[in-house]
Each structure stands twice: as C-alpha cells, then as structure tokens.
Amino acid sequence: MDETDRNILFLLQDNADLPAKAIAEGVNLSTSAVERRIARLKRQGVIDRIVAVVSPKAVDRNLSILVELEIENEYRHTLDQFQKWLDSAVEVQSCWYVTGDADYVLLVVVRDLAEYNAFIDRLMREQQSVVRKYKSMVSLKTIKHSLRLPVYE
C-alpha cells in the first residue's frame, strides 16, 4: 500500500459515498486509476466493507450501554456458540473478547431501559450456563464515536 492508497482511504473514511472523480481530483489520478485502486483495496481486505453509519437517534436508539460479561468457562465449543448468540443479538452493536476482569465487553444500543432489561433477561435465560455475571454502564454522553483508523505511517 502506497501513499496514494492511504490518501484514498483517508478520503473514503470521511465519506464512502464520495464519487471516484472527486477522489481522483484529491489524489491527482485518473478516475479509472482510483476505481482500480479501490477495487484492489477491497480484494485485499484493506477495505473491509462500505456501510452507511446510521444515527442512533434517527432510529430511536437513544440509550447506549456498555456491558461487561464474565463467563463460567472458556471451552472453545461454548465460546463459539456464545459468540454466535451475541452476533445474532440485534441490540449488540459491538462486542469484544477481552483480557482483565471481564471476558467480554458489549456495546448495547436500545430504545430505553425496558428494551435493555428485555435483552438482559433473554441473555441470562438463554445463556445461563455460560454467563456468570454482568455489569452495566449507561452512557450519559457520547464524547467521540468514530470508525476512522489512522492510515498514515
């Protein structure tokens, strides 16, 4: 990956809907050269996917809660099934398997506390043999929310 690729990534991270022509002007290449580079970056897995970032408030998801989970055991089969369950839970926006006191940290985005309680009830009912305990931290204010990664060395 060269400097031009990094410049393209920088521009796309701000606006993935930016036309190739506008990117080409920004990196001093032809439109077709930019399109080829973007296609190559996708094939190589540098660009994982192109998504629309939806405002939580616009879809009535006003409550963000960080949830720390401790699990009973770390058997591979159990972890695989549990991770599939977490992946299918629509309330879970992000999930990390971590070191430290907790085993998992979730970002749960819901309408209100009633919806969060329903999620926790379902988690503890359906995963009672896996989850030992949980700890919730309600977000009072989002200071920074970004998907941007540094692309320059």
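Select helix α5 together with its surroundings in this predicted model: the elements that cover the buried residues of α5 include β1 (63-71), α4 (76-88), β2 (92-97), β3 (104-110) and β4.

Next, display α5 alone, residues 113-126. At 1.5 Å a residue, its 14 residues should span 20 Å, and the end C-alpha atoms are indeed 20 Å apart. Now colour Glu115, Tyr116, Phe119, Ile120 and Leu123, the buried residues of this helix. Viewed down the axis of α5, these buried residues fall within an arc of 140 degrees, so they line one face of the helix. Then turn to the face directed away from that buried side, where the exposed residues Ala114 and Arg125 are found.

Move on to α4, a helix of 13 residues. From first C-alpha to last, α4 reaches 18 Å, close to the 18 Å expected at 1.5 Å a residue. Which residues of α4 are buried? Select Thr78, Leu79, Phe82, Trp85 and Leu86 to see them. They cover an arc of only 125 degrees around the axis, which puts them on the same side of α4. On the other side of α4, select His77, Lys84, Asp87 and Ser88, which are exposed. Among the elements covering the buried residues of α4 are β1, β2, β3, α5 and β4.

Finally, show the surface and select Val51, Val53 and Leu147. These residues form a nonpolar patch with about 300 Å² of accessible area together. Leu147 lies in the segment after β4 (131-138). Is Leu147 buried or exposed? Its relative accessibility is 58%, so Leu147 counts as exposed, the cut-off being over 50%.

Definitions and conventions. Residues numbered from 1 in each chain as written. Predicted model: local features only at pLDDT ≥ 70, side-chain atom pairs only at ≥ 80, totals over all residues. Heavy atoms only, no water. Patch = residues over 30% accessible without salt bridge, like charges linked within 9 Å, V, L, I, M, F, W, Y side chains within 5 Å. Areas by Shrake-Rupley, 256 points an atom, 1.4 Å probe, with all protein chains shown as cover. Salt bridge = Lys/Arg side-chain N within 4 Å of Asp/Glu carboxyl O. Helix = DSSP H or I, 4+ residues; strand = E, 2+ residues; numbered from the N terminus. Buried < 20%, exposed > 50% of the residue type's maximum accessible area, 1.4 Å probe, protein only. Expected span 1.5 Å × (residues − 1). Arc of directions from axis to C-beta. Contact = heavy atoms within 4.5 Å.
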